[in-house]
Amino acid sequence: WPVEHRRSMHRAGVLALDSTVIEKPNVVVVILESFSAAFSKRLNGGEDCMPFLDSLMSEGLSFPRAYANGRRSIDGIPAITASIPEWMDEAFITSPYAQAPFTALGGLLGSQGYSTSFYHGGRNGTMGFDTYASAAGYQRYVGMDQYPEPDDYDGTWGIRDRPFLHFFAQEMSKERQPFHSVVFTLSSHHPYHLPDGEAKRFGEGKHRIEPTLRYADDALCRFFSEARKESWFDNTLFVITADHTADLDRSGQHYSEATDYWVPLVFYWPKVLPARASPHVAQHIDILPTVLDLIGFDEPFFSMGSSVASGEGRGMAVARSMGFWFAFMAEGNFC
């Protein structure tokens with residue numbers, strides 16, 4: 001399964017943007033806590049819990065059939081940033097393997113002159129993300145300890161999404177270009193607590209998670225409103241997905257085992273990537289090779305996924321749960 005990639009780069013490694021040559025575009029990966037595709041009106045026709053993310057999917061290269069490779073944040077982060085799926089009982093981040101050299105976007109892009117950073121509003125040390133970020137080649141980790149306003153603490157996990165994403169937008173404008181940064185949200189994590197005013201604004205919903213999904217989606221909207229004003233925005237590839245799913249209605253007639261892993265996934269690059277909903281199956285471990293394909297990275301690298309930028313890939317996604325492996329096939333089959 002693991003393969004070494006060397007892209008021929010039909011895009012020739014250079015993309016035109018309004019007659020400007022982009023040799024090293026910025027790359028921003030946004031990981032949204034527990035954003036199950038089942039709560040997307042665009043993807044599932046259900047509750048309208050992520051209207052802004054739905055609008056981004058209509059403007060970028062989206063994958064309506066995208067799947068997480070695991071069910072926990074600690075497994076989602078390596079899958080998204082390093083193309084490493086959940087494959088052991090112990091999480092990769094806490095295993096001895098994380099201490100050995102491995103391929104990740106932070107290290108690969110850092111070797112090409114990118115400034116790299118990993119942002120998470122949680123307490124420093126949460127699930128070992130700070131240690132993992134360093135091992136994955138991210139030059140800087142920014143957590144709750146580095147956030148300047150302690151009053152924005154949610155009382156449980158860390159800094160609320162709206163102020164933290166505002167902070168993230170400001171920090172990106174200070175970065176030396178080209179830059180690659182990851183930001184991981186947290187407000188839509190159990191116990192799903194919002195301040196009284198926010199809880200009233202975003203409604204109760206059928207599930208406790210729904211108001212926090214709407215809040216996080218609104219925070220994402222505000223982040224993009226700020227980012228669009230910055231000079232680096234048009235020269236940036238954004239990747240937006242979820243770490244895993246949560247709070248699904250498993251009694252519904254449309255539920256299947258695949259729903260437990262079904263997440264949004266969109267590659268959004270203003271004025272460069274045409275809007276298109278791909279019919280192909282995608283998975284978290286495909287993100288790293290797809291990003292490298294899109295930006296014209298032409299060095300050898302190791303990946304357990306495949307680029308899905310041009311309809312390539314394996315035509316399936318895999319996941320592991322409780323010692324069992326699952327495969328989600330291109331024809332919609334599950335095994």
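1. Strands β4 (residues 26-32) and β9 (residues 179-184) pair in the parallel sense, over five bridges. Two of the residue pairs can be named. V30 has V183 of β9 as its bridge partner, and V28 stands opposite S181 in β9. The model is a predicted one, and the values below are computed from it.

2. Strand β9 also pairs with β7: the two run parallel and are joined by six bridges. Here Y119 has V183 in β9 as its bridge partner. V183 is therefore a residue to look at from both sides, being the bridge partner of V30 and also of Y119. In general, strands of a sheet pair through backbone hydrogen bonds, in a parallel or an antiparallel sense.

3. How much of β9 is buried? Six of its six residues are, so the strand is largely enclosed by the rest of the structure. The side chains are divided between two directions: F179, S181 and V183 point one way, while H180, V182 and F184 point the other way, and all are buried.

4. These strands belong to an open sheet of eight strands with mixed pairing, in the order β8-β7-β9-β4-β10-β12-β5-β13. At its edges are β8 (140-142) and β13 (276-277), each of which pairs on one side only. In the order of the sheet, β9 stands between β7 and β4.

5. Helix α9 (residues 287-295) lies across β4, β10 (236-242) and β12 (265-268), and runs at about 165° to β10. D293 is found in α9. This residue is buried, with a relative accessible area of 0%. The C-alpha atoms of D293 and V308 are 8.9 Å apart in space, and the two residues are 15 apart in sequence.

6. Helix α6 (residues 161-172) has twelve residues and reaches 16 Å from its first C-alpha to its last, close to the 16 Å expected at 1.5 Å a residue. The helix is mostly covered, as ten of its twelve residues are buried. Those buried are D161, R162, P163, F164, L165, F167, F168, A169, E171 and M172. Which elements cover them? The cover includes strands β4, β7 (115-120), β8 and β9, together with helices α7 and α8.

7. Helix α8 (residues 209-227), one of the elements covering α6, has 19 residues. Its reach from first C-alpha to last is 27 Å, close to the 27 Å expected at 1.5 Å a residue. Of the 19 residues of α8, 15 are buried, so this helix is largely enclosed by the rest of the structure.

8. Helix α7 (residues 196-202) contains A199. Is A199 buried or partly exposed? With a relative accessible area of 33%, A199 is partly exposed. A199 and T212 are 13 residues apart along the chain, and their C-alpha atoms are separated by 8.0 Å.

9. A327 is found in strand β17 (residues 324-329). The residue is buried, with a relative accessible area of 9%. A327 and A317 are ten residues apart in sequence, and 5.6 Å apart in space from C-alpha to C-alpha.

10. How many disulfides does a search of the whole structure find? The result is zero. For a reader who wants to inspect cysteines, two can be placed by their exposure. C49 is buried, at a relative accessible area of 0%, whereas C221 counts as partly exposed at 25% relative accessibility.

11. Some totals for the chain complete the picture. The chain has nine helices and 17 strands. Of its 335 residues, 58% count as buried. The chain exposes about 13,600 Å², and carbon and sulfur atoms supply 50% of that area. Among contacts in the chain with a separation of 6 or more, residues 24 or more positions apart account for 70%.

Note on methods. Residues are numbered from 1 along each chain as its sequence is written. This is a predicted model: local features need pLDDT of at least 70, side-chain atom pairs count only at pLDDT 80 or more; totals for chains, interfaces and linings use all residues. Side-chain values use heavy atoms; hydrogens and water are left out. A disulfide is a pair of cysteine sulfur atoms within 2.5 Å. Buried means under 20% relative accessible area, exposed over 50%, partly exposed in between (1.4 Å probe, protein chains only). Helices (H or I, at least four residues) and strands (E, at least two) are DSSP runs, numbered from the N terminus. Contact means heavy atoms within 4.5 Å. Accessible areas come from the Shrake-Rupley method with a 1.4 Å probe; for residues, only the protein chains shown count as cover. Two strands pair if DSSP finds at least two bridges between them. Axes are lines fitted to C-alpha atoms, for helices over the stretch in contact, and angles run from 0 to 180 degrees between N-to-C directions. The expected span of a helix is 1.5 Å times one less than its number of residues.
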